[in-house]
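Trainee: May we go through this model together, one topic at a time?

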Amino acid sequence: MRTDLHRRPTTPLTSVRNLGILAHVDAGKTTVTERILFLTGAVHKQGEVHDGTTVTDFDSQERDRGITIFAAAVSCDWDGHRINLIDTPGHVDFSDEVERSLRVLDGAIAVFDAVAGVEPQSESVWRQADRHGVPRIAFVNKLDRAGADLDAAVASIRERLHTVPLVVQMPIGQEDGFTGVVDLLRMRALVWATGRDAYEEGPVPDGLLDEARRRRRRLEEAVAELHPVALEEFCEQSTVSAQTLSAALRDLTGSGEGVVVLCGSAYRNRGIEPLLEAVVAYLPSPSDVPPVRGTLGDTVQERAADPAAPFAGLVFKVNSTATGRLSYLRVYSGTVRKSDTVLDAGTRRTERIGRILRVQADRHAEVDQASAGDIVAVIGLKTARAGTTLAAPGAPLVLEPPTTADPVVSVAIEARRSLDVDRLASALARLVEEDPSLVVRTDSETGQTVLSGMGELHLEVAVEKVRRAHGLDIGVGRPRVSYRETVAAGVTGLVYRHVKQEGGAGQFAHVVVDVEALEPAADASDPSGVAGDGTGGGAEGFVFRSTVTGGRVPQEYVRAVEAGCRDALAEGPLGGHPVTGVQVTLTDGATHSKDSSEMAFRTAGRFALREALRASAMVLLEPVVELTATVPEDAVGGVLGDLAARRGRVSGQTVRAGTAVITANVPLAELFGYASRLRGRTQGRGTFTTRATGYAPVPAGVSDGILSR
């Protein structure tokens with residue numbers, strides 16, 4: 001064991017908060033993170049996004065583009081609590097970074113723009129947090145902007161996120177005159193004087209007192225409707241004390257029944273201290289959340305957040321740096337120390353912990369150990385990937401890894417010099433290791449190396465990272481869209497007989513199959529009329545069943561036929577695209593006493609479905625996204641015309657304060673280069689975001705052009 005020089009003071013588990021900052025791009029979450037670090041003393045100079053000086057946006061591409069691309073972890077201390085904070089990306093192309101972060105967080109701050117309210121990516125990350133059961137508080141930012149409206153932002157939270165906002169503050173002043181907030185629990189005014197970082201507390205101004213009392217009453221009524229203790233006190237005393245309100249708000253935040261809403265302006269340093277106080281008061285510690293669940297063989301086990309329990313942790317991010325390969329680890333139970341040997345529970349291989357680092361974005365401080373509740377980086381792991389469970393060798397446990405979405409856009413990538421081919425392959429392998437949402441494959445027909453990702457910007461950033469980090473001169477082809485094929489009208493009674501005899505035992509399999517289209521899982525709330533996600537009724541877009549009777553095809557051969565059908569789905573008859581939305585029924589078959597085998601029936605299933613698909617009426621599907629464009633009102637006509645030319649279907653349009661928000665469903669293939677076109681039509685004032693909604697049939701004339709390429 002090392003000396004105590006590198007040992008940080010022990011923080012009680014109840015005083016730890018692991019939380020993320022979630023928001024739509026440009027809502028101000030990186031500025032919120034920066035102000036938190038400054039106020040807690042973690043940094044001594046405030047960084048600014050527009051200057052490229054923030055702590056968490058340390059990558060050169062993040063500073064060049066002015067957006068968060070990679071989730072960055074930082075730590076700070078506030079009021080005797082240690083806060084491990086992850087600043088997550090706000091752009092839809094990097095939603096997998098958010099997914100991996102949410103998997104290891106106990107709470108989150110959702111940041112909203114006071115002018116725009118809930119924006120498309122705000123809604124997406126909120127749904128991601130819902131899936132992971134992560135408690136949240138909300139911070140309505142940018143109250144100093146023209147058009148800022150706390151009530152409108154709160155209404156959008158209620159309507160679009162389907163939650164109960166519990167507003168605990170009201171602003172003092174509007175827009176440029178915003179100077180502070182009224183704390184509705186304590187009924188005190190918190191005012192930030194110009195040029196000062198700390199607030200001054202005082203009585204509520206007389207001109208705001210009546211409105212503050214009305215809002216306090218609404219807060220009491222909203223909490224009483226949701227919390228039995230608050231309801232009892234409200235009925236008995238016609239009011240709810242600040243102490244009861246605070247306890248009830250913590251309970252409602254933890255259960256997800258309500259969300260505490262605060263407000264401020266991070267850029268002007270107003271509202272950050274109360275936000276930190278709310279983090280400590282309302283968001284859970286690792287000991288407050290349920291024990292983590294994992295599997296050991298066929299059994300499900302739980303591990304409590306106890307430093308004395310057997311060690312278990314989850315790697316959620318891997319990053320290669322000049323100092324070595326960093327594996328970001330959330331420790332769920334037990335304690336891990338430098339030089340410990342741990343088990344990769346998935347592969348059953350052992351790894352050795354070289355060093356343990358407390359992370360501050362791109363800076364690190366070495367520590368001797370990490371215990372339950374910690375988020376740290378470790379050096380020395382050779383094979384661990386994002387999603388790898390590390391456990392004590394004597395107490396293995398496999399934790400559920402973060403999910404990874406399927407990529408939707410691809411580019412062909414190649415080294416311009418033949419000498420760089422091997423270097424490019426190595427660089428791409430490292431890239432995929434760091435970002436599991438990227439996929440590299442070699443096209444079997446063209447021999448091209450194809451890089452696939454979550455969007456055009458995602459691929460652009462990935463390619464630029466390879467160029468900068470490895471000094472490679474690489475060429476990139478036009479992004480390719482991942483099309484699908486599906487059945488419009490199937491066939492019945494297709495007979496396939498597989499017979500092969502080459503001396504010795506032969507192969508024999510006889511199958512009869514019906515092929516039909518699955519009903520698409522349409523979303524009734526989708527105003528576009530796009531039919532679901534294009535995957536049909538099954539989770540994988542494929543359903544197989546057997547109606548064979550009398551034992552004509554043994555069950556093990558039925559399973560082999562299903563496996564063969566799944567093999568055939570990899571390439572459809574139209575253009576070699578994956579096939580989805582298909583139901584196959586095995587209706588009859590025959591076997592041979594000596595020559596039948598699982599291999600023979602798998603082969604028969606594969607070729608039978610291929611023939612059936614060639615005989616069926618097939619339809620090409622293309623990925624469709626919901627596009628939300630925010631443009632000046634005077635540019636609406638040109639933007640709508642351009643969307644129509646891109647086969648977009650406008651589903652909504654609102655105008656507010658000279659700005660129009662247009663929502664449309666557009667084929668992804670039509671959006672390449674759209675950012676430049678939109679900037680040109682709006683003199684650089686237009687922005688847009690996209691959200692994947694599924695797949696839709698390609699019109700006949702368009703599909704002919706795609707298939708003839």
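The questions below concern confidence, a sheet, the nonpolar cores and one glycine.

Mentor: This is a predicted model, in which local features need pLDDT of at least 70, side-chain atom pairs count only at pLDDT 80 or more, and totals for chains, interfaces and linings use all residues. Residues are numbered from 1 along each chain as its sequence is written, and side-chain values use heavy atoms, with hydrogens and water left out.

Trainee: What is the mean pLDDT of the chain?

Mentor: The pLDDT is the predictor's confidence in each residue, from 0 to 100. In this chain, 89% of the residues reach 70 or more, and the mean pLDDT is 86.

Trainee: Over which residues, with 38 contacts in the model, is the pLDDT below 50?

Mentor: Where pLDDT is low, the predicted coordinates should not be read in detail. One such stretch, residues 1–8, stays under 50 and has 17 contacts beyond four places in sequence, a contact being heavy atoms within 4.5 Å. The stretch with 38 contacts beyond near neighbours in sequence is residues 522–539.

Trainee: Which strands are the edge strands of the open sheet of 4 strands?

Mentor: Strands are DSSP runs (E, at least two residues), as helices are (H or I, at least four), numbered from the N terminus; two strands pair if DSSP finds at least two bridges between them. The order is β7-β8-β9-β10, with antiparallel pairing. An edge strand pairs on one side only, and here these are β7 (169–172) and β10 (200–202).

Trainee: Which residue in β10 is the bridge partner of V191?

Mentor: Strand β9 covers residues 188–191 and runs antiparallel to β10, to which 3 bridges join it. In β10, the partner of V191 is E200.

Trainee: Which helix gives the largest share of the largest nonpolar core?

Mentor: A nonpolar core is a set of buried Ala, Val, Leu, Ile, Met, Phe, Trp, Tyr and Cys residues joined through side-chain atoms within 4.5 Å. Of its 49 residues, I109, I137 and V223 touch the most other members. The largest share, 7 residues, comes from helix α9 (residues 272–282).

Trainee: Is G576 buried or partly exposed, and why?

Mentor: G576 lies in the loop between α12 (555–568) and β34 (582–590). Leaving out residues up to four places away in sequence, G576 touches E485, A570 and E571. Buried means under 20% relative accessible area, exposed over 50% and partly exposed in between (1.4 Å probe, protein chains only). Because its relative accessibility is 34%, G576 counts as partly exposed.
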